[in-house]
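Here is a brief report on a ligand site and on one acidic side chain. Start with the sequence and the structure.

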Amino acid sequence: MKDATRAVRSGLTPAVAGTALQQGPVFASTFHTPGSGANAPYSYGCAGQPTWTALETAIAQLEVHFGSPAAQVRVYASGSAAMSAVMGSLLKAGDTIVLQDGAYFGTRHLLQEFFVPMGVSVRLLSWKQLTDPHALAGARLVWAETPGNPGHEIVDIAAVAAVAHSVGALLAVDNTTACPLSQKPLELGADVSVCSNSKAMCGHNDLLLGHVAVRDEELAQKLGRYRGSMGAIAGPMEAWLALRSLATLPLRLDRMSTNALALAKFLQTRQEVTAVLYPGLESHPDHALAVQQMTYFGPVLGFTLRNQQAAGNFLTRCTLVTEATSFGGMTTTAERRGRWGHDPVAPGFIRLSAGCEDIEDLLNDLGQALDSLA
Ligand SMILES: *Cc1c(COP(=O)(O)O)cnc(C)c1O
């Protein structure tokens, strides 16, 4: 069965006469646990609850190919909570984590501010160095992110997994930008697949959520205990909204990716634009690898205008591009990425997340905004 079919039907309940097709959110902190309580599937909401289970079951299907060995999924209150759970479950004082230097700024901060003082060493490497066994030697965990954001570096997950395993390290992939419908790190050899569902996965700019997928049963149990102990708990309403959003993921991702490619190609033709970054463009240095490991190239593209002022004017002039951080929502958004100081980007660099609007309207809007820069 194809991924899109599985995603669309993922929230469906078993066909029991008279019951609802889709299950609603279960709001409960406490569940009936008579006697020893041992036979109750749920006891207290910190350990597990039915809406999580429904969502975890649905996401687990998307993390692996149909018919392939199952993945175990744990959902968290955010992508950051999911990342913390992986690091907290796998790292102890004296361990080294290799971190791709172009990784999400929040990943770098999380490690530097909270894990380094506890005795974890962070080795920052460029995405190219991740396939060098000497560079990975001694690491307990390798943390890769592909496509990188906002740099759009494409990491060869299978190659990095092989090298990481050869030196005794585990590989975790931050799969947020691609999302599991497009890219399946576990199938490419990664041990851990992490995703912020606050982005394209849920896609409506209305909730924060994250998840971790692994195949190792023991690690899955530990990730679940970490969640309960740290209390990084997803609310049932968010979990339910996420489950509802999954059914439209194939439609959204398909449309967003088509729009993003059309916009990237258009931007390439404009003399106001000095560079365009998108894995779907043949001009991307790792386009072939992106084709190999991704099903959709996703909503996010980057392009550079002459300077900060040109970028500011462009964003002010656009009427269908909402100025906002984050990405992956139904509506087209963009920002001058350099405004935060998080990433080493040019002052005129814009990160744009293509939404699901009609492409003709988007092209017209970007066109008139670029015209106005002349
Ligand atoms: C947003 C993001 C995260 C963090 O997710 P939150 O849900 O915002 O906590 C992690 N990794 C990447 C690549 C992201 O874009």
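A residue counts as buried when its relative accessible area is under 20%. The model shown is predicted. In it, aspartate 3 has a relative accessible area of 19%. That value falls under the 20% cut-off, so aspartate 3 is buried. Aspartate 3 belongs to helix 1, which spans residues 3–9. Its side chain makes a polar contact of 2.6 Å with the side chain of lysine 184.

Now the ligand. Which pocket does the ligand take up? The space it fills is the largest pocket. Around the ligand stand 13 residues. The closest are Ser80, Asp174, Ser196, Ser198 and Lys199.

What is the make-up of this shell by class? Four residues are nonpolar, six are polar and three are charged. Helix 3, residues 79–90, gives the most to the shell, with three residues.

Oxygen atoms of the ligand lie at these distances from protein atoms:

| Residue | Protein atom | Distance to a ligand oxygen |
|---|---|---|
| Glycine 79 | polar backbone atom | 2.8 Å |
| Serine 198 | side-chain N or O atom | 2.6 Å |
| Lysine 199 | side-chain N or O atom | 2.7 Å |

How much of the ligand's accessible area does the protein cover? On its own, the ligand has 380 Å² of accessible area. The protein covers 92% of that.

Two of the table entries also appear in the list of closest residues: Ser198 and Lys199 are among them. Glycine 79 contributes through its backbone, whereas serine 198 contributes through its side chain.

Technical notes
Residues are numbered from 1 along each chain as its sequence is written. This is a predicted model: local features need pLDDT of at least 70, side-chain atom pairs count only at pLDDT 80 or more; totals for chains, interfaces and linings use all residues. Side-chain values use heavy atoms; hydrogens and water are left out. A residue is near a molecule or strand if one of its heavy atoms lies within 4 Å of it. A polar contact is a pair of N or O atoms within 3.5 Å; within protein, one must be able to donate a hydrogen and the other to accept it, and residues adjacent in sequence count only if both atoms are side-chain atoms. Accessible areas come from the Shrake-Rupley method with a 1.4 Å probe; for residues, only the protein chains shown count as cover. On a 1 Å grid over the protein atoms alone, a cavity is a set of points where a 1.4 Å probe fits but cannot get out, and a pocket is an open set with protein on both sides within 12 Å along at least five of seven lines; lining residues have an atom within 4 Å of a point. A molecule sits in a cavity or pocket if more than half of its atoms lie within 2 Å of its grid points. Helices (H or I, at least four residues) and strands (E, at least two) are DSSP runs, numbered from the N terminus. Ala, Val, Leu, Ile, Met, Phe, Trp, Tyr, Cys and Pro count as nonpolar, Asp, Glu, Lys and Arg as charged, and the others, Gly among them, as polar. Buried means under 20% relative accessible area, exposed over 50%, partly exposed in between (1.4 Å probe, protein chains only).
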